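Please walk through this model from its binding site outward, with the sequence and the structure side by side.

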Amino acid sequence: MTPGIRPLIAGNWKMNGTARGAASLAEGVRAGLDRVAGADLLICPPFVHLHAAAAAVAWKPVAIGAQDCSALPDGAHTGDVSAAMLADAGCGYVIVGHSERRADHGEADAVVRAKAAAAIAAGLIPVVCVGETEAQRDAGEAESVVGSQLRGSLPEGFGAARGVVAYEPVWAIGTGRTPTEADIAAMHARMREEVTALLGEAGRTTRLLYGGSVKPSNAATILALPNVDGALVGGASLKAEDFLSIAAAAPAG
Ligand code: PEP
């Protein structure tokens, strides 16, 4: 946690489920909201389930986000979805630069930066993901890789748009493995320095999320670490009970 920053607990539902399942999961999160006094909640369903999830939370204090957007505003780009379309569909946030998009679609920092800029232009808050591979960590390059991803991926206006950064070590995603507490704290301290150098004062209050195998059993420990201002949760966000337990473990910022 960072004093003065209210934690954000974000669920990345990835490519899972049906519209009915999305509505029911969102409804489950909404129904348990009174357990979560100290954190903001965000759920990120697949594009085609955004409306169902948004209707189910009834625009209560659960924000809706998408998992990607186009860098382009509109036009002949088959299969893409613009940031303005997401805003029109009720999204307040969009994840960009998730390692699965970087790996599956070859998205480099420049693309991530352009997508984050498009999100800001459409009035969305981008959640920009960064993180090293296992080989990079083993080579002692984790902090320099993440520093370089931040410099390459954060667009102009990011601080003013209240953009969010998520540190997600690639080797910790969906594996059940997490970095040590000391490693998470060290990386988040380094990220705080980097975003403050890039964004000025706004960097001091930019939310820095940790993501990678967060679950109810490790959430309290991770969320209490300095400069960890919330979590991006994959697998455990697919069960309302687990997602709510993680959010309930967040110390009020
Ligand atoms: C993710 O993919 O954003 C993620 C953090 O996944 P998991 O929690 O399943 O590791």
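A polar contact here is a pair of N or O atoms within 3.5 Å. By that cut-off, a backbone N or O atom of G174 makes a polar contact with the ligand, because it lies 2.7 Å from a ligand oxygen atom. The model is a predicted one, and every value below is computed from it.

The ligand is surrounded by 14 residues, and the closest are K14, H98, E168, G174 and S213. Besides G174, two of these have a listed distance to a ligand oxygen atom. A polar backbone atom of S213 is 2.7 Å from an oxygen atom of the ligand. For H98 the side chain is involved: one of its N or O atoms is 2.8 Å from a ligand oxygen.

K14, also among the closest residues to the ligand, sits in the loop between β1 and α1, the latter covering residues 19–31. Is K14 buried, partly exposed or exposed? K14 is partly exposed, because its relative accessible area of 21% is not under the 20% that buried requires. The backbone of K14 has a positive phi of about 55°, although K14 is not a glycine. Most residues other than glycine have a negative phi.

N227 shares that backbone feature: its phi is near 70°, a positive value in a residue other than glycine. N227 is placed in the loop between α9 (216–223) and β8. With a relative accessible area of 17%, N227 is under the 20% limit and therefore counts as buried.

The strands come next. How many strands close into the barrel? Eight do, in the order β1-β2-β3-β4-β5-β6-β7-β8, with parallel pairing. From one strand to the next, the twist averages 25°.

Strand β8, residues 230–233, can be followed on both sides. It pairs with β1 (residues 8–12) in the parallel sense over four bridges, and L8 stands opposite G230 of β8. Strand β7 (residues 208–211) also pairs with β8 in the parallel sense, over two bridges, and here Y210 stands opposite A231. In a regular strand the side chains alternate between the two faces of the sheet. Within β8, G230 and L232 point one way, A231 and V233 point the other way, and all are buried.

Elsewhere in the barrel, strand β3 (residues 62–66) runs parallel to strand β4 (residues 93–96), and two bridges join them. A66 has V94 as its bridge partner in β4. Helix α2 (residues 50–57) lies across β2 (40–44) and β3, and it runs at about 175° to β3. On a scale from 0 to 180 degrees between N-to-C directions, that angle means that α2 and β3 run in nearly opposite directions.

Which residues have the most contacts inside the largest nonpolar core? They are I9, L41, I43, V165 and M191, in a core of 61 residues. A second core, separate from this one, has 13 residues, including L42, C44, V164 and L209. Setting aside neighbours within four places in sequence, M191 is in contact with V130, V146, L150, V165, Y167 and L208.

Two helices complete the tour. S99 lies in helix α4, residues 99–104. It counts as buried because its relative accessibility is 15%, which is under 20%. Outside the four places on either side in sequence, S99 is in contact with V170 and I173.

Helix α5, residues 109–121, holds R113, and D109 is found in α5 too. Is D109 buried or exposed? D109 is buried, because its relative accessible area is 18% and the limit is 20%. R113, at 34%, is partly exposed, because that value lies between 20% and 50%. Not counting residues up to four places away in sequence, R113 touches R151, G152, S153, L154, P155 and E156. With the same kind of neighbours left out, D109 is in contact with R102, S148, Q149, G152 and S153. G152 and S153 are therefore in contact with both R113 and D109, each having heavy atoms within 4.5 Å of them. R113 and C91 are 22 residues apart along the chain, and their C-alpha atoms are separated by 19 Å.

Conventions: Residues are numbered from 1 along each chain as its sequence is written. This is a predicted model: local features need pLDDT of at least 70, side-chain atom pairs count only at pLDDT 80 or more; totals for chains, interfaces and linings use all residues. Side-chain values use heavy atoms; hydrogens and water are left out. Buried means under 20% relative accessible area, exposed over 50%, partly exposed in between (1.4 Å probe, protein chains only). Two strands pair if DSSP finds at least two bridges between them. A nonpolar core is a set of buried Ala, Val, Leu, Ile, Met, Phe, Trp, Tyr and Cys residues joined through side-chain atoms within 4.5 Å. A residue is near a molecule or strand if one of its heavy atoms lies within 4 Å of it. A polar contact is a pair of N or O atoms within 3.5 Å; within protein, one must be able to donate a hydrogen and the other to accept it, and residues adjacent in sequence count only if both atoms are side-chain atoms.
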